[in-house]
Amino acid sequence: MYNFELTDYQKEIRRRAETFAQKELLPGVIERDKTETYDMSIVKKLGEAGLIGLQFDPKYGGHGNDYLAFLLVVEELCKVDSAFGISYAISSTFTTGIDSFGNEEQKMHCMPRLFVGDAIGCFALTEPDAGSDAGSAKTQAIRDGDNFILNGKKHYITNSAVADYCMLIANTDLSKGSKGLTAFLVDMKNTPGISIGHIESKCGIRSAKVAEINIENAVIPASRMIGTEGKGFRYALSALNAGRLGVAAQGLGIAQSSFDICKDYMKERMQFGKPIYKNQYLAFKMAELQTEIDMCRLLLYKGAWEQQQGMDFSISACKAKLACSNLAMKVTTECIQNMGGAGYMRENHVERMFRDAKITQVYEGTNEIQRLIISGAIFG
């Protein structure tokens, strides 16, 4: 049923993404993490390298229709700098929403700029009182002739502090609850009433800009409503399915990279007259970790294959997100332990990967929510 061999195109994309990450991300990754600096010039270089928009139609400036190629890029970027890698993935989550449910004018308004690296997007659903219960979002959109007037607050929105565009979910009829939620395409930098509030200082993914969006009497043209009024929650969940595969690829990249760093260290580190990998206990732990990495990679690629075939991939996305994020936390923890004091030091990168790994279990739906969805499919 499944062909596990990557195509020549996918192999080339992976090679180019790996080269890009080593050349453009690695030299400054520790400093960006330390200073919490996001460098938009790297986004531009990624666009120039032809690594943005791989899964989207060339008519909008994309590069075809290969979702696995996109996930390979996320994985390779996250092996070096998962804060940048998830920023790239979240911008693609925004684009997926516009591509799937937006009209031609909306697509042409933002997608060509995104794909050449001149802009990035964000996805705004979460609110202070609407996290896992996202359907209870209270940001309000009131119709006023040819416009909507928006008021409310979004928070923990990745990319928001630097984004040019946003797929923002607001409620056009609070009496309907989640069935009143509607999606809007918002220009972040030139819409009066849209402002960035508190920018979070985080445990991990420190250079990714996660912030509040304050919305005060923002006038959004009705032409910027995405799809049908009241369908915004369904659109958001659809985009989140794609986003969960992106987070899974992030977790996989973190796990693989920390494993590789640890493996090299274990071959070089001498104790008691022999490399530490000669200790069977440590070697067996690495054997188990490598097996789990391979298992999770197959689960992620299966989800990508289902998406590419136009199948319902929502449960596979939940499974991949759950498995790959737990994997990232487990592998980074074990690799720090295997490396001892060296694993705890910044210059060896694994401690940063350990900090970055934790958030993969939380965003794009906590892993508890993933279990809820998966169990619902089992018993529903």
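**Exercise 1. Two helices that meet**

Which residues in H9 meet which residues in H11? Work on the predicted model shown above.

*Solution.*
- Step 1: locate the helices. H9 spans residues 314-339 and H11 spans residues 367-379.
- Step 2: list the H9 side. Ile-315, Cys-318, Lys-319, Lys-321, Leu-322, Ser-325 and Asn-326 take part.
- Step 3: list the H11 side. Their partners are Asn-367, Gln-370, Arg-371, Ile-373, Ile-374 and Ala-377.
- Step 4: check the spacing. An α-helix has 3.6 residues a turn, so residues three or four places apart point the same way.

**Exercise 2. Classify the crossing**

Find how the axes of H9 and H11 are arranged.

*Solution.*
- Step 1: take the distance and angle. The two axes come within 9 Å and cross at roughly 140°.
- Step 2: apply the cut-off. Roughly antiparallel needs an angle over 145 degrees, and roughly perpendicular runs from 65 to 115.
- Step 3: conclude. H9 and H11 are therefore oblique to each other.
- Step 4: add the hand. Their crossing is left-handed.

**Exercise 3. Place Thr-332**

Decide whether Thr-332 is buried or exposed, then name its contacts.

*Solution.*
- Step 1: find the residue. Thr-332 sits in helix H9.
- Step 2: judge the burial. The relative accessible area of Thr-332 is 0%, so this residue is buried.
- Step 3: look beyond four places in sequence. Thr-332 contacts Ile-254, Ser-258, Val-350, Met-353, Phe-354 and Ala-357.
- Step 4: follow the contacts into H10 (residues 350-360). Val-350, Met-353 and Ala-357 are among the buried residues of H10.
- Step 5: widen the view. Eight of the eleven H10 residues are buried. They pack against H2, H4, H5, H7, H9 and H11.

**Exercise 4. A lysine under cover**

Determine whether Lys-107 is buried or exposed, and what its side chain reaches.

*Solution.*
- Step 1: place the residue. Lys-107 belongs to helix H6, residues 104-115.
- Step 2: compare with the cut-off. Buried means under 20%. Lys-107 has 11% relative accessibility, so it counts as buried.
- Step 3: trace the side chain. It reaches the backbone oxygen of Asp-99 at 3.1 Å.
- Step 4: add the surroundings. Beyond four places in sequence, Lys-107 touches Tyr-60, Ile-98, Asp-99, Gly-102 and Pro-112.

**Exercise 5. Map the cores**

Identify the members of the largest nonpolar core that touch the most others.

*Solution.*
- Step 1: name them. Leu-71, Leu-77, Tyr-88 and Leu-300 lead among 92 residues.
- Step 2: find the main contributor. Helix H7 (residues 232-268) gives the most, with 15 residues.
- Step 3: look elsewhere. Apart from this core lies another, of 20 residues, including Ala-124 and Ile-215.

Methods. Residues are numbered from 1 along each chain as its sequence is written. This is a predicted model: local features need pLDDT of at least 70, side-chain atom pairs count only at pLDDT 80 or more; totals for chains, interfaces and linings use all residues. Side-chain values use heavy atoms; hydrogens and water are left out. A nonpolar core is a set of buried Ala, Val, Leu, Ile, Met, Phe, Trp, Tyr and Cys residues joined through side-chain atoms within 4.5 Å. Buried means under 20% relative accessible area, exposed over 50%, partly exposed in between (1.4 Å probe, protein chains only). Helices (H or I, at least four residues) and strands (E, at least two) are DSSP runs, numbered from the N terminus. A polar contact is a pair of N or O atoms within 3.5 Å; within protein, one must be able to donate a hydrogen and the other to accept it, and residues adjacent in sequence count only if both atoms are side-chain atoms. Contact means heavy atoms within 4.5 Å. Axes are lines fitted to C-alpha atoms, for helices over the stretch in contact, and angles run from 0 to 180 degrees between N-to-C directions. Angles under 35 degrees count as roughly parallel, over 145 as roughly antiparallel, 65 to 115 as roughly perpendicular and the rest as oblique. A crossing is left-handed if the near helix is turned anticlockwise from the far one by less than a right angle, and right-handed if clockwise.
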